[in-house]
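Hello,

Here is the structure you will be working with. Please open it alongside this email, and my notes follow below it.

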Amino acid sequence: MKKNLLLMGALLAAGSAMAAIPTDGCTYETKGGLTCTNLWCAAMDINKSSLEEINSHLYTTYARDFTVLNDMIVYSNGNRVTVGEGDDAVSTDYWQLVFFDLFTGEYIKTVDLTCDGEPITGLLTGNAIGVDDYGHLWIAGYWGGQSSADAGTKIKVHWVKDVDTGESELVCGGIEWPSDEVSYAGRIDLADVCGDITGVEADGVYGAVSSNSGGTGDPYAYRFVRYQGEDEWTPGMDGFASWSMDDGVELCPSTSANFGDNGTLIWAEGSSEIFYANGNGTYPTQYSCYDGIPDCLGMFTQAAEDCVPSGVGATGAYEFVIGDKMYLGYADCQSNNNPGGAMSKISVMGGDASGGTFEGMELMWILPAEGTYNTLSTGGIRTHPMIPVTKKDENGKTGVYIASGNTLSFLATYLVAEEGFNPSNGVGNIAADVNNANAPVVYYNLQGQKVNNPEGGIFIRQQGTEAVKVRL
């Protein structure tokens, strides 16, 4: 949803000025016909004095995870409010959405989340955030594993129905853990959702892996499905909620017994059965819900030596396609484990766009360049979200905008593009969204306020990233 009149004016005006957030200062080599550019980088320990808006809204203990919606980086943030002092002090986390412009880093707004008219509160209730395949924004909470299952506590996933007001719905009242699988329930830190979380247009699929505490210490993957047209979430691993990954499935490094804390599952592009999984003790590796490690992709040890992450401790992975090749981006290390800071890598995979392989993989770039930030915060949350947004310019060339960050460390956007890609106006109208034609149409008045039934005047008509003035 577009934000305010100032930003909508920027959408309509060619050549609008960029926000004054510095870049990482690095130059990245053109490789394989692709360029890599940092558009902006807000690094906490380097340039924070000029980034007051980002510092005050992002660098807090409970700013957890982010996604990208309508060209905005959307952070889930637990705003902790403490009432009283000493032994009488009571702290409550009120969950918010904090919006930044994907292309400039400009702070846009903060929205308080509510459900049934009441604030959404609780420890790590918004620990994960994402957008399903049908454009529905959701947040998912930390879940305590066997102790929660024993107590009948449900896995909480909220669908944010209105990003302007924060109105949300606890999907189906939460996901119930099967009583006969309680002993396999491990702690869930982060989750991912694909399909349609509302169950209207397609099945909705929730996925997660267990950390090393709560219930069993073994590595487990979890999958629940909300079948289209149904209300309940049911176990989605051939009738079971859990699948033991220690049964003939090797983690990477092989010395790891489980994922460790902050275990992350990320559905591979276009799939609800193939996923990347890692934690603070493993590298991101692709798995299948039913076959362990699929033939198309194996352990990270099959990749070229310089493609293997330089250390464990950070989680995150994503895929994107340009031309006939698939690319993989992934967390390289945690900031306090490497003097270069919290970095990520982008590699071109072996195989083709229909299915990349670790074998034949080649390193493209390290972001930010190794050694750029030697004093990044050591207190960063281990989650390293990386969200790709694919665009096409007027000549059909592809550009992928990658939001990358590490809480208490840095937030940035990188552009990987075919040579000659034209980012057009430089703000929200950088290039046409791949799915603009299918995006919903929203109208605003000239004061930047959303209008449900526009008539009798001039309005801003927005569809995806395209915004135009219209008279109705």
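Cys172 is partly exposed, because its relative accessible area of 21% falls between the limits of 20% for buried and 50% for exposed. Cys307, by contrast, counts as buried, because its relative accessibility is 0%. Keep in mind that this is a predicted model.

How many disulfides does the count come to? The count is zero. A disulfide is a covalent bond between the sulfur atoms of two cysteines. For the count, the two sulfur atoms had to lie within 2.5 Å.

Next, strand S3. This strand covers residues 72-83, and Ser76 lies in it. Is Ser76 buried or exposed? Ser76 is buried, because its relative accessible area is 1%, and buried means under 20%. The side chain of Ser76 reaches the backbone oxygen of Gly126 at a distance of 2.7 Å. Leaving aside residues up to four places away in sequence, Ser76 touches Tyr62, Ala63, Arg64, Asp65, Trp95, Gln96, Gly126 and Ile129. Gly126 therefore turns up twice for Ser76: as the residue whose backbone oxygen is reached, and in the list of contacts.

Val83 is also found in strand S3. Val83 counts as exposed, because its relative accessibility is 56% and the limit for exposed is over 50%. Which residues make the nonpolar surface patch with Val83? They are Val81 and Tyr94, and the patch has an area of about 250 Å².

So strand S3 holds both a buried residue, Ser76, and an exposed one, Val83.

Regards

Note on methods: Residues are numbered from 1 along each chain as its sequence is written. This is a predicted model: local features need pLDDT of at least 70, side-chain atom pairs count only at pLDDT 80 or more; totals for chains, interfaces and linings use all residues. Side-chain values use heavy atoms; hydrogens and water are left out. Patches are made of residues with over 30% relative accessible area and no salt bridge: like charges are joined within 9 Å, nonpolar side chains (Val, Leu, Ile, Met, Phe, Trp, Tyr) within 5 Å. Accessible areas come from the Shrake-Rupley method with a 1.4 Å probe; for residues, only the protein chains shown count as cover. A salt bridge is a side-chain nitrogen of Lys or Arg within 4 Å of a carboxyl oxygen of Asp or Glu. Helices (H or I, at least four residues) and strands (E, at least two) are DSSP runs, numbered from the N terminus. Buried means under 20% relative accessible area, exposed over 50%, partly exposed in between (1.4 Å probe, protein chains only). A polar contact is a pair of N or O atoms within 3.5 Å; within protein, one must be able to donate a hydrogen and the other to accept it, and residues adjacent in sequence count only if both atoms are side-chain atoms. Contact means heavy atoms within 4.5 Å.
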